[in-house]
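Look at the model shown here. The report below takes up charged pairs, a metal site, one helix and one loop residue.

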Amino acid sequence: MNSKNTKPEIIVRKKLFSKGYRYKIHDKKLPGRPDIVIPKLKIIINVHGCYWHYHGCEKSRLPKTRAEYWLTRLENNKKRDFFNKQKLIKLGWKVIDIWECTLNKSNIAKTFERLEHQIAV
Ligand SMILES: [Zn+2]
């Protein structure tokens, strides 16, 4: 599957670990099998690949061939993400989304700064 143990996910996991957070990954018992679960803080972090989760940025531009097909498919992924997130929130989890494109060299420091802030509040 495209969503398992992706590189952006591993970058985030390493950072969290180095900061002392302990987490579970791909918890089957939770809607959508969230990427990173910090049970102690009731926090879930989903690291989204821009293309597969249809971010709308540069990286999620549709291919020229079969654009219609991909649009439907990617929009369905996005809808599923949305509904899973709503379910998790209802279950009392705080859900933080991180996009692949915010983990590049020029953005990563700011992204982690924001993440730590989101975890803390
Ligand atoms: Zn993006």
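Lys-85 and Asp-97 join their side chains in a salt bridge, 2.6 Å from N to O. This bridge links distant parts of the chain: Lys-85 belongs to helix α2 and Asp-97 to strand β4, twelve residues apart. A salt bridge here is a side-chain nitrogen of Lys or Arg within 4 Å of a carboxyl oxygen of Asp or Glu. Helices (H or I, at least four residues) and strands (E, at least two) are DSSP runs, numbered from the N terminus. Lys-85 is partly exposed at 25% relative accessibility. Asp-97 is partly exposed too, at 29%. Buried means under 20% relative accessible area, exposed means over 50%, and partly exposed lies in between (1.4 Å probe, protein chains only).

The model is predicted: local features need pLDDT of at least 70, side-chain atom pairs count only at pLDDT 80 or more, and totals for chains, interfaces and linings use all residues. Residues are numbered from 1 along each chain as its sequence is written, and side-chain values use heavy atoms, with hydrogens and water left out.

How many salt bridges does the structure hold? There are six. The table lists some, including the one above.

| Salt bridge | N to O distance |
|---|---|
| Lys-85 and Asp-97 | 2.6 Å |
| Arg-13 and Glu-9 | 3.2 Å |
| Asp-27 and Lys-24 | 3.3 Å |

Arg-13 and Glu-9 sit four residues apart in helix α1 (residues 7-18), so about one helical turn separates them. Arg-13 and Glu-9 are both buried. In the other pair, Asp-27 is buried, with a relative accessible area of 10%. Its partner Lys-24 is partly exposed, at 38%. In general, side chains of opposite charge can pair when their charged atoms come close.

Now the metal. Which protein atoms bind the zinc ion as donors? They are Cys-50 (SG), His-55 (ND1), Cys-57 (SG) and Cys-101 (SG), at 2.0 to 2.4 Å from the ion. Donors are N, O and S atoms within 2.8 Å of the metal (3.2 Å for Na, K and Ca); water is not among the atoms, so sites may look incomplete. The four donor atoms subtend angles of 101 to 119 degrees around the zinc ion, so the arrangement is tetrahedral. That label requires four donors with all angles between 85 and 135 degrees. The donor residues follow the spacing C-x4-H-x1-C-x43-C in sequence. Cys-57 lies in the loop between β3 (43-48) and α2 (67-90), and Cys-101 in the loop between β4 (94-99) and α3 (108-120), so the pair ties together parts that are 44 residues apart in sequence. Cys-57 is partly exposed at 22% relative accessible area. Cys-101 is buried, at 16%.

Helix α3 has two sides. Its buried residues are Thr-111, Phe-112, Leu-115 and Ile-119. They cover an arc of only 95 degrees around the axis, so they lie on the same side of α3. The arc is taken from the directions from the helix axis to the C-beta atoms. The buried residues of α3 pack against α1, β3 and β4. Contact means heavy atoms within 4.5 Å. On the other side of α3, the exposed residues are Ala-109, Lys-110, Glu-113, His-117 and Ala-120.

Last, Leu-62. This residue is in the loop between β3 and α2. Leu-62 is partly exposed, at 25% relative accessibility. Leu-62 touches Tyr-54, Ala-67, Trp-70, Leu-71 and Leu-74, not counting residues up to four places away in sequence. Leu-62 and Leu-74 are twelve residues apart in sequence, with their C-alpha atoms 9.3 Å apart in space.

Note on methods:
Four donors count as tetrahedral if all angles lie between 85 and 135 degrees; four count as square planar and six as octahedral if opposite donors are over 155 degrees apart and all others between 65 and 115; anything else is irregular.
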